Amino acid sequence: MPGSGRTPAGIPDYRGPSGVARRHTPMTFQAFTRDPLARRRYWARSHLGWRLIAGAAPNAGHRAVAGLQHAGLVDTVITQNVDGLHGAAGSPSVIELHGRLDEVTCLDCGNLTSREELHRRLREANPEFVARVAAVNPDGDVDLPDGQVEAFRPVDCGICGTGMLKPDVVFFGETVPPQRVARCFAAVEQARALLVLGSSLTVMSGRRFVIRAAKRGIPVAIVNQGPTRGDGHATVCVDAPLGAVLPQLAARVGAGAPLGV
């Protein structure tokens with residue numbers, strides 16, 4: 001169950017030794033849907049930060065996980081990341097718990113489009129929008145003074161014409177779709193072991209799977225730089241940089257029994 005990190009893939013981290021400190025509160029679902037000004041700020045910031053996310057590439061850790069899957073040692077990957085890098089690395093079975101930033105959904109008609117298409121439309125709607133980016137957050141949102149946001153023009157759904165567009169990710173204050181959570185629990189309960197990679201397990205969204213595994217007597221191994229909130233449920237904890245350890249771990253596990261994640 002990989003978490004977040006900056007990461008050798010080039011994306012900032014929220015927590016841990018490499019974590020970045022946000023200068024503003026992460027967008028909530030309630031603010032996004034109810035406040036047009038908040039929505040404008042989000043899209044202005046996210047529009048500028050998208051290029052970093054789009055340019056990220058899988059690192060050695062992503063490739064190691066994919067290699068374990070292709071070797072039959074790992075079954076399902078559950079990731080809290082929204083960057084799509086596990087799929088890009090070749091992982092055949094990935095549950096993206098919090099969705100994907102490279103897809104955009106209409107909250108009215110349900111149409112799903114690519115983020116690249118939206119990026120093109122936003123660029124055309126804002127040909128003179130120029131702003132200086134102070135910092136980029138892990139979800140592609142950037143730190144941007146409000147004064148630079150005022151002239152930015154969001155766009156509506158290109159299919160129904162009036163629908164509100166939202167990145168197809170789970171915002172703070174929003175719940176993960178129940179069917180997705182059920183798939184994760186099913187994968188955990190069918191596993192011989194649960195391997196947690198690069199997550200502090202700070203929020204219950206991911207920690208609940210560690211708790212479920214422990215309750216079912218399923219061994220839990222955690223590899224993370226620094227302590228996690230799941231350490232008390234773990235059979236083994238490895239405190240080390242994921243990018244350095246995971247390729248070695250993959251090589252060592254290759255000679256052992258199948259490992260379900």
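In the predicted model, G99 has V169 as its bridge partner in strand 7. This pairing belongs to the contact between strand 3, which covers residues 99–106, and strand 7, the two strands running antiparallel and being joined by four bridges. Both strands are part of an open sheet of three strands, arranged in the order 4-3-7 with antiparallel pairing. The edges of this sheet are taken by strand 4 (112–114) and strand 7, and because each has a single partner strand, one side of each is left without a neighbour in the sheet. On average, and with direction ignored, neighbouring strands of the sheet are turned by 45° against each other.

Strand 7 spans residues 165–169 and includes K166. This lysine has a relative accessible area of 3% and is therefore classed as buried, since the buried class comprises residues under 20% relative accessible area. When neighbours within four places in sequence are left aside, the contacts of K166 are with F29, F32, W43, V104, T105, L107, F171 and E174. With one of these residues, E174, the side chain of K166 also meets in a salt bridge, at a distance of 3.2 Å from N to O. The two partners fall into separate accessibility classes, in that E174 is partly exposed at 25% relative accessibility, whereas K166 is buried at 3%.

A search of the whole structure finds eight salt bridges, among them the K166 and E174 pair just described. Another of them joins the side chains of D102 and R100, with a distance of 2.6 Å from N to O. Both of these residues count as partly exposed, D102 at 26% relative accessibility and R100 with a relative accessible area of 22%. The pair does not stand alone, as E96, R100 and D102 are linked in a network of salt bridges.

W43, which is in contact with K166, is one of the buried residues of helix 2. This helix comprises residues 36–55, and its 20 residues reach 29 Å from the first C-alpha to the last, which is close to the 28 Å expected at 1.5 Å a residue. Helix 2 nevertheless contains a kink of about 40°, centred on G49. G49 is itself buried, and the buried set of helix 2 further includes A38, R39, Y42, A44, R45, S46, H47, W50 and I53.

A second open sheet is built from three strands in the order 8-9-10, and its pairing is parallel. Its edge strands are strand 8 (194–197) and strand 10 (236–239), each of which pairs on one side only. From one strand to the next, the twist of this sheet averages 10°. Strand 8 and strand 9, the latter covering residues 220–224, pair in the parallel sense over four bridges, and within this pairing L194 stands opposite V220 in strand 9. Helix 7, residues 204–215, packs on the sheet and touches both strand 8 and strand 9, with its direction making about 155° with that of strand 8.

R212 is located in helix 7 and counts as partly exposed, at 26% relative accessibility. Apart from neighbours within four places in sequence, R212 is in contact with F185 and E189. The C-alpha atoms of R212 and H233 are separated by 9.7 Å, although the two residues lie 21 residues apart along the chain.

E189, a contact of R212, also forms a salt bridge with R216, in which the closest N and O atoms are 3.4 Å apart. Because E189 lies in helix 6 (residues 178–189) and R216 in the loop between helix 7 and strand 9, this pair ties together parts that are 27 residues apart in sequence. The two members of the pair again belong to separate accessibility classes, for E189 is partly exposed at 31% relative accessibility, while R216, with a relative accessible area of 52%, is exposed.

Key: Residues numbered from 1 in each chain as written. Predicted model: local features only at pLDDT ≥ 70, side-chain atom pairs only at ≥ 80, totals over all residues. Heavy atoms only, no water. Pairing = 2+ DSSP bridges. Axes fitted to C-alpha atoms, helices over the stretch in contact; angles between N-to-C directions. Contact = heavy atoms within 4.5 Å. Salt bridge = Lys/Arg side-chain N within 4 Å of Asp/Glu carboxyl O. Buried < 20%, exposed > 50% of the residue type's maximum accessible area, 1.4 Å probe, protein only. Expected span 1.5 Å × (residues − 1). Bend = angle between axes of the 7 residues up to and from the residue.
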